[in-house]
Amino acid sequence: MGGRYDVIIIGSGAGGGTLAGHLAPSGKRILLLERGGWLIREPKNWSAEAVFVENRYVSPEIWYDQNDRPFQPQVHYFVGGATKMFGAALYRLRKEDFGALAHYDGISPRWPIGYDDLEPYYTKAEQMYQVHGARGEDPTEPPASAPYPFPAVSHEPRIQQLSDDLAHAGYNPYHSPCGILLNEQQQHFSACIRCADCDGFPCLVHAKSDAETVAVRPALEFPNVTLLRNAKALSLQTNANGTAVTEVVAEVAGQRAAFRSDIVVVSCGAANSAKLL
């Protein structure tokens with residue numbers, strides 16, 4: 001096992017899965033390494049007892065804090081990463097988030113890029129993730145070059161009542177931007193059935209815009225994209241000068257394998273990406 005690819009992407013979640021979906025039509029030989037497997041579709045996907053009490057889909061691994069005390073980090077390792085369990089609320093960062101901000105614990109430093117640099121990519125991501133929303137409702141939202149690709153999800157009756165009351169009181173309630181595969185106008189064609197088991201649950205009917213559903217599965221329709229599941233990246237090897245990563249060493253189904261590429265993308269989660277680097 002092993003081989004050479006044009007691009008190696010470590011992690012198939014919001015970062016890696018999205019990138020694989022975007023690059024798939026390029027014809028480049030792309031390897032997607034995912035330490036987990038497919039999240040099994042079963043009735044327990046929608047069981048609060050199984051999901052939140054039994055922690056059926058939570059990794060059993062243990063992490064340690066700065067005092068070497070063990071804790072359970074509540075992480076999930078599946079194709080699609082943490083998006084398999086997310087609430088599908090897809091907000092953009094605000095313009096001011098990219099500057100230096102004073103917080104209780106100190107200064108959050110300025111980013112090397114600004115909101116305007118990312119804006120075109122936010123628009124592309126909203127289109128890929130089929131985000132439903134309404135521009136102009138949220139007074140804090142940053143400028144956008146395009147409307148949301150789908151209309152806002154209508155409120156449930158009780159939420160509509162709260163929204164009306166808040167508006168009457170002078171506040172600015174707004175629809176959350178939601179990434180779900182919903183067609184309210186033609187419900188018989190809709191993948192989403194507006195169930196009560198979305199935030200924190202896997203979607204049994206693949207109607208949540210998670211990275212597996214909207215990015216990885218479409219990417220795998222291209223012959224130049226390879227997904228290796230149960231493949232944990234262990235280390236990154238560099239050139240002699242240490243200026244470029246040239247190889248990824250991974251454990252695949254219990255065996256070590258080396259994969260070479262000129263472009264390596266580390267997108268295996270905030271903590272695990274830092275750990276790997």
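## A six-stranded mixed sheet and the helices packed beside it

In this predicted model, 6 strands form an open sheet of mixed pairing, and their order across the sheet is β9-β2-β1-β12-β11-β10. The edges are held by β9 (225–228) and β10, each of which pairs on one side only. Direction ignored, neighbouring strands of this sheet are turned against each other by 40° on average.

### Strand pairings

The table collects three of the pairings within the sheet, with the sense in which the strands run and the number of bridges that join them.

| Strand pair | Sense | Bridges |
|---|---|---|
| β10 (residues 231–238) and β11 (residues 245–252) | antiparallel | 7 bridges |
| β11 and β12 | antiparallel | 6 bridges |
| β1 (residues 2–10) and β12 (residues 255–266) | parallel | 8 bridges |

Starting from the edge strand β10, the pairing with β11 includes Ala231, whose bridge partner in β11 is Val252. The two strands β10 and β11 form a hairpin with 6 residues between them, and within this turn Gly242 has a positive phi of about 70°.

Val252 also takes part in the next pairing, where this residue stands opposite Gln255 in β12, while Ala250 stands opposite Ala257 in β12. Here again the strands form a hairpin, with 2 residues between β11 and β12, and it is Ala253 in the turn that has a positive phi, of about 50°.

Strand β12 in turn is joined to β1, and the two run parallel; in this pairing Gly2 stands opposite Ala258 in β12.

### Helix α1 against the sheet and against α5

Helix α1 lies across β1, β2 and β12, and runs at about 115° to β1. The helix also has a helical partner: α1 (residues 16–23) and α5 (residues 211–219) pack at an angle of about 45°, with their axes 8 Å apart. Because angles that are neither under 35 degrees, nor over 145, nor from 65 to 115 count as oblique, α1 is oblique to α5. The crossing in which α1 passes α5 is left-handed.

On the α1 side, the contact is made by Gly17, Thr18, Ala20 and Gly21, and on the α5 side by Ala215, Val216 and Ala219. Sorted by class, the contact of α1 with α5 has 4 nonpolar and 3 polar residues, and no charged residues.

### Salt bridges

What does a search of the whole structure find in the way of salt bridges? The search finds 15 salt bridges. In one such pair, the side chains of Arg56 and Glu42 meet at 2.5 Å, N to O. This pair links distant parts of the chain, 14 residues apart: Arg56 lies in the loop between α2 (48–53) and β3 (63–64), whereas Glu42 lies in the loop between β2 (30–33) and α2.

Key:
Residues are numbered from 1 along each chain as its sequence is written. This is a predicted model: local features need pLDDT of at least 70, side-chain atom pairs count only at pLDDT 80 or more; totals for chains, interfaces and linings use all residues. Side-chain values use heavy atoms; hydrogens and water are left out. Two strands pair if DSSP finds at least two bridges between them. Helices (H or I, at least four residues) and strands (E, at least two) are DSSP runs, numbered from the N terminus. Axes are lines fitted to C-alpha atoms, for helices over the stretch in contact, and angles run from 0 to 180 degrees between N-to-C directions. A crossing is left-handed if the near helix is turned anticlockwise from the far one by less than a right angle, and right-handed if clockwise. Contact means heavy atoms within 4.5 Å. Ala, Val, Leu, Ile, Met, Phe, Trp, Tyr, Cys and Pro count as nonpolar, Asp, Glu, Lys and Arg as charged, and the others, Gly among them, as polar. A salt bridge is a side-chain nitrogen of Lys or Arg within 4 Å of a carboxyl oxygen of Asp or Glu.
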